[in-house]
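Colleague: I should like to learn how to read a ligand site and a metal site in a model. Could we work through one together?

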Amino acid sequence: MINHYPPCPEPSLTLGLSKHRDPTIITILLQGQVKACKCSKMADGSASNRFLMRLFNGKLMGAEHRVVTNSRDPRTTISFFVYPCDESLIGPAKALVNASNPAIYKAFNFTDFVAAFILNPDQEALKELISAPPTLNC
Ligand SMILES: O=C(O)CCC(=O)C(=O)O
Ligand SMILES: [Fe+2]
């Protein structure tokens with residue numbers, strides 16, 4: 001994805017991008033000389049947060065970040081988003097699950113994740129994915 005942020009006359013009133021977590025496994029950001037992508041402390045759960053939380057069985061979450069503007073320099077960035085393939089099973093990594101650290105999330109495939117959390121958030125599907133008891137066989 002390519003983002004372009006023109007200079008902004010009132011940076012205190014406008015964000016380039018509001019705070020979010022990327023729904024990816026990894027994001028590689030090419031941002032040149034104008035650094036404006038700011039990470040904040042971990043906060044509430046969002047869809048993308050839940051995605052990484054599942055992979056890491058609650059031990060790691062995606063960094064929340066936002067993009068600030070400035071009044072002088074235009075900024076263009078390129079984000080490379082790394083996603084799993086559609087049929088990937090998204091659930092706690094086997095290496096992180098054992099008798100004292102049981103899986104705390106149910107596994108589901110990436111297509112279901114995209115449908116429930118991103119494309120067309122369906123409250124029932126969301127509830128099922130979020131609150132289902134762990135059933136992953138590792
Ligand atoms: O443009 C940036 O600095 C960050 C972009 C970003 O966070 C995103 O595309 O998810
Ligand atoms: Fe982002």
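**Reading the two sites**

Modeller: Let us begin with one contact: tyrosine 5 places a polar side-chain atom 2.6 Å from an oxygen atom of ligand 1. Please bear in mind that this is a predicted model.

Colleague: Which other side chains have a polar atom that lies close to an oxygen atom of ligand 1, and at what distance?

Modeller: A polar contact is read from a pair of N or O atoms within 3.5 Å. Here, a polar side-chain atom of aspartate 22 is 3.0 Å from an oxygen atom of ligand 1, and one of histidine 20 is 3.1 Å from an oxygen atom of that ligand. Of the 300 Å² that ligand 1 exposes when taken alone, the protein buries 95%.

Colleague: How many residues surround ligand 1, and which are the closest?

Modeller: A residue is counted as near if one of its heavy atoms lies within 4 Å. In this structure 14 residues surround the ligand, the closest being Tyr5, Asp22, His65, Arg75 and Thr77. By character, the shell comprises seven nonpolar, five polar and two charged residues. The space that ligand 1 takes is the largest pocket.

Colleague: Which strand gives the most to the shell around ligand 1?

Modeller: That is E6, with four residues. Strands E1 (2–5), E2 (15–20), E5 (65–68) and E6 (75–82) each supply at least two residues of this shell.

Colleague: What are the protein donors of the iron ion?

Modeller: Donors are N, O and S atoms within 2.8 Å of the metal. For the iron ion (ligand 2), the protein donors are His20 (NE2), Asp22 (OD) and His65 (NE2), lying 2.1 Å from it. Along the chain, the donors follow the spacing H-x1-D-x42-H. Because histidine 20 lies in strand E2 and histidine 65 in strand E5, the pair ties together parts that are 45 residues apart in sequence.

How values were computed: Residues numbered from 1 in each chain as written. Chains lettered and ligands numbered in written order. Predicted model: local features only at pLDDT ≥ 70, side-chain atom pairs only at ≥ 80, totals over all residues. Heavy atoms only, no water. Polar contact = N/O pair within 3.5 Å; in protein donor to acceptor, adjacent residues only side chain to side chain. Areas by Shrake-Rupley, 256 points an atom, 1.4 Å probe, with all protein chains shown as cover. 1 Å grid on protein atoms, 1.4 Å probe; cavity = no way out; pocket = protein on both sides within 12 Å on 5 of 7 lines; lining within 4 Å. Sits in = over half its atoms within 2 Å of the grid points. Nonpolar A, V, L, I, M, F, W, Y, C, P; charged D, E, K, R; others polar. Donors = N, O, S within 2.8 Å, 3.2 Å for Na, K, Ca; no water.
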